Amino acid sequence: AGSFYGDGANLTNLDTAAKQFGEATSNGESNKSSTSFSSKVTLNLNNVSSNSRVFIYYNFDYKVTGGTNNKQCYVQVTGPSFLGGNPEFITSSPTYSTVHGLLFCVGSGTSRSYAIQYRKAGGSSAYIRNARLYALEVGP
């Protein structure tokens with residue numbers, strides 16, 4: 001197939017792979033001075049086909065302030081059965097850093113919940129902003 005022509009109007013079966021799309025955002029700044037995880041943003045997908053897979057795109061800015069010992073902000077992206085597990089990110093920087101990535105969920109439940117969670121360590125305060133989750137369910 002060396003060349004293509006036309007407007008694509010005759011293409012078929014392109015919409016059967018994408019089942020549903022979900023989005024959750026929280027742009028405002030949040031902070032906490034606790035060492036237990038709290039959710040900044042949560043995305044729930046319902047009526048998921050049990051044999052579907054879900055792509056998750058995540059994005060957030062995070063930093064840590066105050067304290068002198070073990071001054072860190074931890075952020076994790078949670079969900080059912082990500083290939084490679086739930087990613088966790090750690091910063092000791094007092095200026096915002098941006099993190100983004102793509103995950104592949106191989107869970108089998110018909111309702112799936114995803115979250116960006118954060119916490120602090122030591123005598124510091126953890127900050128997070130511009131948190132976003134986008135989910136795309138794909139299936140046979």
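A residue counts as buried when its relative accessible area is under 20%, as exposed when that area is over 50%, and as partly exposed in between. With this scale in hand, arginine 129 makes a good starting point: in this predicted model, its relative accessibility is 30%, so arginine 129 counts as partly exposed. Its partner is aspartate 61, and the closest N and O atoms of the two residues are 3.2 Å apart, forming a salt bridge. Arginine 129 belongs to strand 9 and aspartate 61 to strand 4, so this pair ties together parts that lie 68 residues apart in sequence. Aspartate 61 counts as buried because its relative accessible area is 7%. The count of salt bridges in the model comes to one.

The nonpolar interior comes next. In soluble globular proteins, nonpolar side chains tend to be buried together. Here, the largest nonpolar core holds 27 residues, and Tyr58, Phe60, Ile116 and Leu133 touch the most other members. Two or more residues of this core come from each of strand 3, strand 4, strand 5, strand 7 (97–105), strand 8 (112–121) and strand 9 (125–138). Strand 4 provides the largest share, six residues. The surroundings of phenylalanine 60 can be followed in the structure: setting aside neighbours within four places in sequence, phenylalanine 60 is in contact with Val75, Phe89, Ser97, Thr98, Val99, Ile116, Ile128, Arg129, Asn130 and Ala131. Arg129, the salt-bridge partner of aspartate 61, is thus also among the contacts of phenylalanine 60.

Charged and polar residues can be buried too. Lysine 32, in strand 2 (residues 30–32), is buried yet has no salt bridge. Glutamate 88, the nearest side chain of opposite charge, is 13 Å away, whereas a salt bridge needs a side-chain nitrogen of Lys or Arg within 4 Å of a carboxyl oxygen of Asp or Glu. What does the side chain of lysine 32 reach? The backbone oxygen of serine 36 lies 2.5 Å from this side chain. Beyond four places in sequence, lysine 32 is in contact with Phe37, Ser38, Tyr118, Arg119, Lys120, Ser125 and Ala126.

One of those contacts, Arg119, leads on to strand 8, where arginine 119 is placed. Arginine 119 has a relative accessible area of 18% and is therefore buried. Among its contacts, apart from neighbours within four places in sequence, are Lys32, Ser36, Phe37, Gln72, Cys73 and Tyr74. The C-alpha atoms of arginine 119 and glutamine 76 are 9.1 Å apart, although 43 residues separate the two along the chain.

Glutamine 72, in turn, is found in strand 5. Its relative accessible area is 18%, so glutamine 72 is buried. The side chain of glutamine 72 is joined to that of tyrosine 74 by a polar contact of 2.8 Å. Away from its neighbours within four places in sequence, glutamine 72 is in contact with Val64, Ile90, Thr91, Ser92, Arg119, Lys120, Ala121 and Ser124.

Cysteines deserve a brief look. A disulfide is a covalent bond between the sulfur atoms of two cysteines. How many disulfides does the model count? The answer is zero. Cysteine 73 has a relative accessible area of 0% and is therefore buried. Cysteine 105 is likewise buried, because its relative accessible area is 0%.

The loops complete the picture. Most residues other than glycine have a negative phi. Asparagine 47, however, has a positive phi of about 55 degrees although it is not a glycine. This residue, asparagine 47, lies in the loop between strand 3 and strand 4. Its relative accessibility is 71%, so asparagine 47 counts as exposed. Serine 81 also has a positive phi, of about 60 degrees, without being a glycine. The loop that holds serine 81 runs between strand 5 (72–78) and strand 6 (88–91). At 43% relative accessibility, serine 81 is therefore classed as partly exposed.

Serine 50 is placed in the loop between strand 3 (38–45) and strand 4 (53–65), where asparagine 47 also lies. Its relative accessibility is 45%, so serine 50 counts as partly exposed. The C-alpha atoms of serine 50 and glycine 107 are separated by 8.0 Å, with their positions 57 residues apart along the chain. Leaving aside neighbours within four places in sequence, serine 50 is in contact with Gly107, Ser108, Thr110 and Arg112.

How values were computed
Residues are numbered from 1 along each chain as its sequence is written. This is a predicted model: local features need pLDDT of at least 70, side-chain atom pairs count only at pLDDT 80 or more; totals for chains, interfaces and linings use all residues. Side-chain values use heavy atoms; hydrogens and water are left out. Helices (H or I, at least four residues) and strands (E, at least two) are DSSP runs, numbered from the N terminus. Buried means under 20% relative accessible area, exposed over 50%, partly exposed in between (1.4 Å probe, protein chains only). Contact means heavy atoms within 4.5 Å. A disulfide is a pair of cysteine sulfur atoms within 2.5 Å. Lys and Arg count as positive and Asp and Glu as negative; His and the chain ends are not counted. A polar contact is a pair of N or O atoms within 3.5 Å; within protein, one must be able to donate a hydrogen and the other to accept it, and residues adjacent in sequence count only if both atoms are side-chain atoms. A nonpolar core is a set of buried Ala, Val, Leu, Ile, Met, Phe, Trp, Tyr and Cys residues joined through side-chain atoms within 4.5 Å.
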